[in-house]
Amino acid sequence: MTIADETPTTVPESVTDAVRGARRVLVLSGAGMSAESGVPTFRDAQTGLWEQFDPSELATAEAFRLDPPFVWAWYAWRMRLVRDVEPNAGHRALAELADLREVTIATQNVDDLHERAGSSVAAHLHGSLFELRCSECATPYAGDVELPAEPVERIDPPTCPRCEGEVRPGVVWFGEMLPVPAIEATERAIEALEPGDVVLVIGTSGIVYPAAGYPAMALAEGATVIEINPADTEISDMCHHHVRGPAAQVLPRVVEAVR
Ligand code: OAD
């Protein structure tokens with residue numbers, strides 16, 4: 001990946017024209033969407049979570065089975081981190097876009113920043129940090145949880161009031177199935193796209209499937225695919241337009257032009 005030398009001061013007219021001309025806008029967002037809120041991405045050099053932490057020790061069902069307090073503590077810290085930050089101008093611009101166009105959001109993000117900005121999210125493809133459930137019987141857990149401000153080594157996860165199993169975060173771990181309703185909602189939104197409609201692919205490295213395959217599916221429907229990302233990604237080449245800039249700067253400009 002190469003980081004763009006400078007942030008664009010303007011968004012190309014071809015991009016704003018495309019969004020203005022669309023009836024439907026499908027948003028496919030990844031970790032970069034929340035970066036300017038202060039939520040670390042996974043793979044950015046130095047700051048990415050997977051640069052500092054080993055995903056095989058934290059993001060698999062096997063890791064949780066072997067050491068629940070270790071895995072739980074990391075997610076409890078991430079819950080706290082997300083709870084303590086605010087949606088950024090990019091999230092807010094997308095919420096505003098929904099007043100102007102038919103917007104569907106399918107996100108890989110496990111935070112709730114789209115919702116807190118006022119958007120409704122059709123699909124959380126990788127689940128949600130806050131939708132806790134029992135790791136044994138899958139009963140949702142709504143009890144209190146301790147959320148540390150700093151990463152700590154271990155915290156015992158809460159216990160399921162129904163079966164006494166350990167409570168786990170509602171995220172999709174490596175090797176697990178994505179939630180079927182989220183896949184179906186995303187595929188329905190893609191199938192509904194018509195030529196002239198737009199897909200905004202925002203802040204994702206485009207390497208985790210099935211999400212990474214959705215831009216190609218949208219292309220096949222004749223949609224105009226626009227990537228918003230300061231860096232080149234695996235899917236940049238297939239996109240019609242690539243706006244090299246951070247989401248919180250680019251999206252308000254796009255929406256301003258459509259208004
Ligand atoms: P990555 O960390 O792989 O990629 C983040 C992308 O955001 C990179 O392409 C960055 O260049 C870009 N980016 C950084 N700052 C940005 C900004 N301010 N505005 C726009 N873009 C910016 O994150 P994802 O692609 O979301 O899965 O990762 C996909 C999945 O891998 C995650 O959902 C997670 C992870 O393992 C699970 O946990 C299941």
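Buried means a relative accessible area under 20%, exposed means over 50%, and partly exposed lies in between. Keep that in hand for the exercises below, which all concern a predicted model.

**Exercise 1. Classify Cys 239 and Cys 163 as buried, partly exposed or exposed.**

Solution. Start with Cys 239: its relative accessibility is 11%. That value is under the 20% cut-off, so Cys 239 counts as buried. Next take Cys 163, at 37% relative accessibility. This falls between the two cut-offs, so Cys 163 is partly exposed.

**Exercise 2. Work out how many disulfides the model has.**

Solution. A disulfide is a covalent bond between the sulfur atoms of two cysteines. The test used here is a pair of cysteine sulfur atoms within 2.5 Å. Now try it on Cys 163: the closest cysteine sulfur belongs to Cys 134 and is 3.5 Å away, so the pair is too far apart for a bond. Over the model, the rule gives a count of zero disulfides.

**Exercise 3. Describe how the chain is divided and how its domains meet.**

Solution. First, note the division: domain 1 covers 1-38 + 87-126 + 178-259, while domain 2 covers 40-84 + 127-171. Second, place their centres, which are 27 Å apart over C-alpha atoms. Third, look at where they touch: 15 residues of domain 1 are in contact with 14 residues of domain 2.

**Exercise 4. Build a picture of the ligand's surroundings.**

Solution. Begin with the shell of 25 residues, in which Phe 42, Arg 43, His 126, Thr 204 and Ser 205 come nearest to the ligand. Sort the shell by class: twelve nonpolar, ten polar and three charged residues. Then sort by domain: domain 1 and domain 2 each supply at least three residues.

Now check the side-chain N or O atoms against ligand oxygen atoms. The distance is 2.5 Å for Ser 205, 2.7 Å for His 126 and 2.8 Å for Asn 229. Finally, consider the area: the ligand taken alone exposes 800 Å², and the protein buries 94% of that.

Technical notes: Residues are numbered from 1 along each chain as its sequence is written. This is a predicted model: local features need pLDDT of at least 70, side-chain atom pairs count only at pLDDT 80 or more; totals for chains, interfaces and linings use all residues. Side-chain values use heavy atoms; hydrogens and water are left out. A residue is near a molecule or strand if one of its heavy atoms lies within 4 Å of it. A polar contact is a pair of N or O atoms within 3.5 Å; within protein, one must be able to donate a hydrogen and the other to accept it, and residues adjacent in sequence count only if both atoms are side-chain atoms. Accessible areas come from the Shrake-Rupley method with a 1.4 Å probe; for residues, only the protein chains shown count as cover. Ala, Val, Leu, Ile, Met, Phe, Trp, Tyr, Cys and Pro count as nonpolar, Asp, Glu, Lys and Arg as charged, and the others, Gly among them, as polar. Domain bounds come from an automatic or database domain assignment. Buried means under 20% relative accessible area, exposed over 50%, partly exposed in between (1.4 Å probe, protein chains only). Contact means heavy atoms within 4.5 Å.
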